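Work through these exercises with the model open. Each task is followed by a stepwise solution.

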Amino acid sequence: MKKVNIAIVGATGMVGRTFLKVLEERDFPYEKIYCFASKRSAGAKVKCKGVDIEVEELTASSFDRDIDIALFSAGGATSEIYAPIAASKGVIVIDNSSAFRMDEKVPLVVPEVNPEAIWTHQNIIANPNCSTIQAMVALKPLKEAYGLKRVILSTYQAVSGSGVKGVKDLENGLKGDMNPALYAHPIANNCLPHIDVFMDNGYTKEEMKMILETKKILNLPDLKVTATAVRVPVFDSHSESINVELNAPFEIEDVFKLYENDPSIVLQDQVKENIYPMAITAKGTDDVYIGRIRRDFSVDNGLNIWVVADNIRKGAATNAVQIAEVFVNKE
Ligand code: A2P
C-alpha cells in the first residue's frame, strides 16, 4: 500500500471525528495527517492512531502543501468554497456534503457498487447521502441479477444524521424539553416526515437527494424511484424499508442466496427467532444489514426488504475512507 498525506476538513465534527476513528481502525497508511475546522476550533486537539493532532483553521492556503487526499465534512458551504481550491492544487477531495453530488463532472461513489466511476474524477469525488449509500449496497445485487423497474424508499433516520444539534434535541426531548433548537417539532416520542427543507414539488430535499443519487450511482437515469424520508427518535443508524419491482421473475430463496453470498452485506433474516436488522445492532459497525426479505404479492416481481446501517460510519465516514483506500491500493 502506498503511504499518502491526508487532510480532514471538519475534523471536530461528528463525521470528522469518525473519519479519524475509521482511519485508525483500518490502519489507513498515511504519512502525515492535517486536521482543519473553523476558526473557533483552531488550536484544539484531536487524536488519530494514538497521536494528538492540532486542529488548524481552514483557509485558502491550507492546501499549499503536500496533501494527497482530503476528506471533507464541514457542510456544503465550506465544500463549495474550499473543495475547488484543494482540487486546483492537485489534492483529491472526497466530499461528504451534497455540494457536488449531482455535478456531471463529479463521480458519486459507493465502492461496492460503482468503483469504476472513481476514475472519471477531476480531483473531486462525492460521497453520497447516508440513506442512499445503504440502499445502493442493497439494490446493486438485485440490479445485476434481475434488473430494477421501480423502487420505493421509506426511511427511518437517526438524529445523528443532523449532527450534534439533532442529538441534543433528542437528548433534551427525552428529559421533557419540548422546545427543540433544530427540528421544527419535538423529536422525542415523535416521527418527523421532514428531513432537510421542503421543495416546490412537495418532496423534501433529502427525498430528492435519494431519488436523484440512486439513478446516478446505479447508472439508471430512467429508473422509477420515489422516497419518503422520516426522522425518528433513534440516536444512531438509519433503517429503511425498500420495496422493489424487478424486471425479471425471481425465487425468494435465490434472493436470500444472493445476499448471503455478497461480502458487502450481512444477512439477518431468521424471523422465527426474531432475528432481523436493527439500529442498535448496526451501530458502531461498517456493514449493511438486510433482512425481512419477502415477496410483495401486490405486484409482479415485487420484493420487500429492510436495510439498516450506521449512518455516520457506512453512511458517511467509512464510505469516504473506502474511496480513499481505492487510491492507496491502486499500485
Ligand atoms: P467547528 O467545530 O470549528 O465549528 P457537525 O456537522 O458535526 O456540526 O461538524 C461540522 C464540522 O465542520 C466541524 O468540524 C466544524 O468546525 C466544521 N466547520 C463548520 N464551518 C466551517 C468553516 N467555515 N470552515 C471550516 N470548518 C468548518
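**Exercise 1: The ligand shell**

How do the residues of the shell around the ligand divide into nonpolar, polar and charged?

Solution. The model is predicted. Step one: sort the shell by class. The shell around the ligand holds 5 nonpolar, 7 polar and 1 charged residues. Step two: pick out the closest members. There are 13 residues around the ligand, and Thr12, Met14, Ser38, Arg40 and Ser41 come nearest.

**Exercise 2: Polar contacts**

Find the distances from oxygen atoms of the ligand to polar atoms of threonine 12, glycine 13 and serine 38.

Solution. Apply the cut-off first: a polar contact is a pair of N or O atoms within 3.5 Å. Start with threonine 12. An N or O atom in the side chain of threonine 12 is 2.5 Å from a ligand oxygen. Next, take glycine 13. Here a polar backbone atom lies 3.0 Å from an oxygen atom of the ligand. Finish with serine 38. A polar side-chain atom of serine 38 is 2.5 Å from a ligand oxygen. Now turn to area. The ligand taken alone exposes 570 Å², and the protein buries 67% of that.

**Exercise 3: The pocket**

Which pocket is the space taken by the ligand, and what lines it?

Solution. Step one: locate the ligand. The space it takes is the largest pocket. Step two: read the volume, about 1,400 Å³ for the largest pocket. Step three: list the lining. The largest pocket has 50 lining residues, with Ser73, Gly75, Gly161, Ser162 and Gly163 nearest its centre. By class, the lining has 17 nonpolar, 23 polar and 10 charged residues. Step four: assign elements. Those that each supply at least two lining residues include helix 1 (14–25), strand 2 (30–37) and helix 8 (313–328).

Terms used. Residues are numbered from 1 along each chain as its sequence is written. This is a predicted model: local features need pLDDT of at least 70, side-chain atom pairs count only at pLDDT 80 or more; totals for chains, interfaces and linings use all residues. Side-chain values use heavy atoms; hydrogens and water are left out. A residue is near a molecule or strand if one of its heavy atoms lies within 4 Å of it. A polar contact is a pair of N or O atoms within 3.5 Å; within protein, one must be able to donate a hydrogen and the other to accept it, and residues adjacent in sequence count only if both atoms are side-chain atoms. Accessible areas come from the Shrake-Rupley method with a 1.4 Å probe; for residues, only the protein chains shown count as cover. On a 1 Å grid over the protein atoms alone, a cavity is a set of points where a 1.4 Å probe fits but cannot get out, and a pocket is an open set with protein on both sides within 12 Å along at least five of seven lines; lining residues have an atom within 4 Å of a point. A molecule sits in a cavity or pocket if more than half of its atoms lie within 2 Å of its grid points. Ala, Val, Leu, Ile, Met, Phe, Trp, Tyr, Cys and Pro count as nonpolar, Asp, Glu, Lys and Arg as charged, and the others, Gly among them, as polar. Grid points are joined across faces, edges and corners, and a volume is the space filled by probe spheres set on the points. Helices (H or I, at least four residues) and strands (E, at least two) are DSSP runs, numbered from the N terminus.
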